[in-house]
Amino acid sequence: MTDHFPRARVALACLALAGLTACANMAQVPPGTPLADVQAQFGSPNFECPQAGGGRRVIWTQQPMGQYAWGANVGTDGRVDRVQPLLTDAHFKVLAVGDWGPERVRCEFGPPARIDVVGLGERREVVWSYRYKENSVWNSLMYVYMSRDGSKVTHFHPGPDPMYDDDRFMWH
């Protein structure tokens, strides 16, 4: 089989690599940078939440299909505190401390890739799934379980992302 579009494939690969490089550099934005400067370089955030005191939380997310998101808190002066990767094993551990309702989760990590309901009766739970790279390697979902009424995080754990399981689901 011959490849009739080698230049197109190389160009697409270069664009994808450039996009990943740009996103990787988001975490290198110095604290105190004006949000306008961050937006000029990386585009506008695609999710935002108000914060106490007049600030706001901004998130650049690739959900539902991508595996990365970056977030920053913006003060009333329009400057970011720092831009940090959100969909990492280390960052998901913040869910283990304190009470987390759905709005707090959404404002910390951005919207999930999926929201499902699992279980029956007393075992029924709402599950938010975030696509991410577990240990920076594995195509995974972080499953964030909430109580039956969806009001409070009860537990969370990673698992394989079936979207990448070609043998089982035949997604080509």
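## Salt bridges and two sheets

The side chains of E48 and R56 come together in a salt bridge, with 3.1 Å from N to O. That is a good place to start looking around this structure, which is a predicted model. How exposed are the two partners? E48 is partly exposed, with a relative accessible area of 44%. R56 is also counted as partly exposed, at 29% relative accessibility.

A search of the whole structure finds seven salt bridges. Three of them, including the one you have just met, are set out here with their N to O distances.

| Salt bridge | Closest N to O distance | Relative accessibility |
|---|---|---|
| E48 and R56 | 3.1 Å | E48 44%, R56 29% |
| E103 and R106 | 2.9 Å | E103 45%, R106 22% |
| R148 and E122 | 2.8 Å | R148 40%, E122 69% |

**The sheet of β1 to β4**

Let us now look at the strands. Strands of a sheet pair through backbone hydrogen bonds, either parallel or antiparallel. Which kind of pairing is found in the sheet β1-β2-β3-β4? The pairing is antiparallel, and the four strands form an open sheet in that order. Its edge strands are β1 (47–50) and β4 (84–85), each of which pairs on one side only.

You can follow one pair of strands in detail. Strand β1 joins strand β2 (residues 56–61) over four bridges, in the antiparallel sense. Within this pairing, C49 has R57 of β2 as its bridge partner.

Two helices can be found against these strands. Helix α4 (residues 102–109) packs on the sheet and touches β1, β2, β3 and β4. The direction of α4 makes about 65 degrees with that of β2. Helix α2 (residues 35–42), in turn, lies across β2 and β3 (69–74). The angle between α2 and β2 is about 10 degrees.

**Inside helix α4**

Helix α4 also holds a salt bridge of its own, between E103 and R106, whose closest N and O atoms are 2.9 Å apart. Why are these two residues separated by about one helical turn? The reason is that they stand three residues apart in helix α4. E103 has a relative accessible area of 45% and is partly exposed. R106 is partly exposed as well, at 22%; the cut-off for a buried residue is under 20%, so R106 does not count as buried.

**The sheet of β5 to β8**

Another open sheet of four strands has the order β5-β6-β7-β8, again with antiparallel pairing. Strands β5 (114–118) and β8 (153–160) stand at its edges with a single partner strand each, so one side of each has no neighbour in the sheet. From one strand to the next, the twist averages 30 degrees.

How many bridges join β5 and β6? Strand β5 and strand β6 (residues 125–134) are paired over five bridges, in the antiparallel sense. Here R114 stands opposite S129 in β6. Helix α4 appears once more: it packs on this sheet, touching β6, β7 (138–146) and β8. Its direction makes about 15 degrees with that of β6.

**A link between loops**

The last pair in the table is formed by the side chains of R148 and E122, at 2.8 Å from N to O. This salt bridge links distant parts of the chain, 26 residues apart. R148 belongs to the loop between β7 and β8, while E122 belongs to the loop between β5 and β6. Are these residues buried or exposed? R148 is partly exposed, at 40% relative accessibility, whereas E122 counts as exposed, at 69%.

Methods: Residues numbered from 1 in each chain as written. Predicted model: local features only at pLDDT ≥ 70, side-chain atom pairs only at ≥ 80, totals over all residues. Heavy atoms only, no water. Pairing = 2+ DSSP bridges. Contact = heavy atoms within 4.5 Å. Axes fitted to C-alpha atoms, helices over the stretch in contact; angles between N-to-C directions. Salt bridge = Lys/Arg side-chain N within 4 Å of Asp/Glu carboxyl O. Buried < 20%, exposed > 50% of the residue type's maximum accessible area, 1.4 Å probe, protein only.
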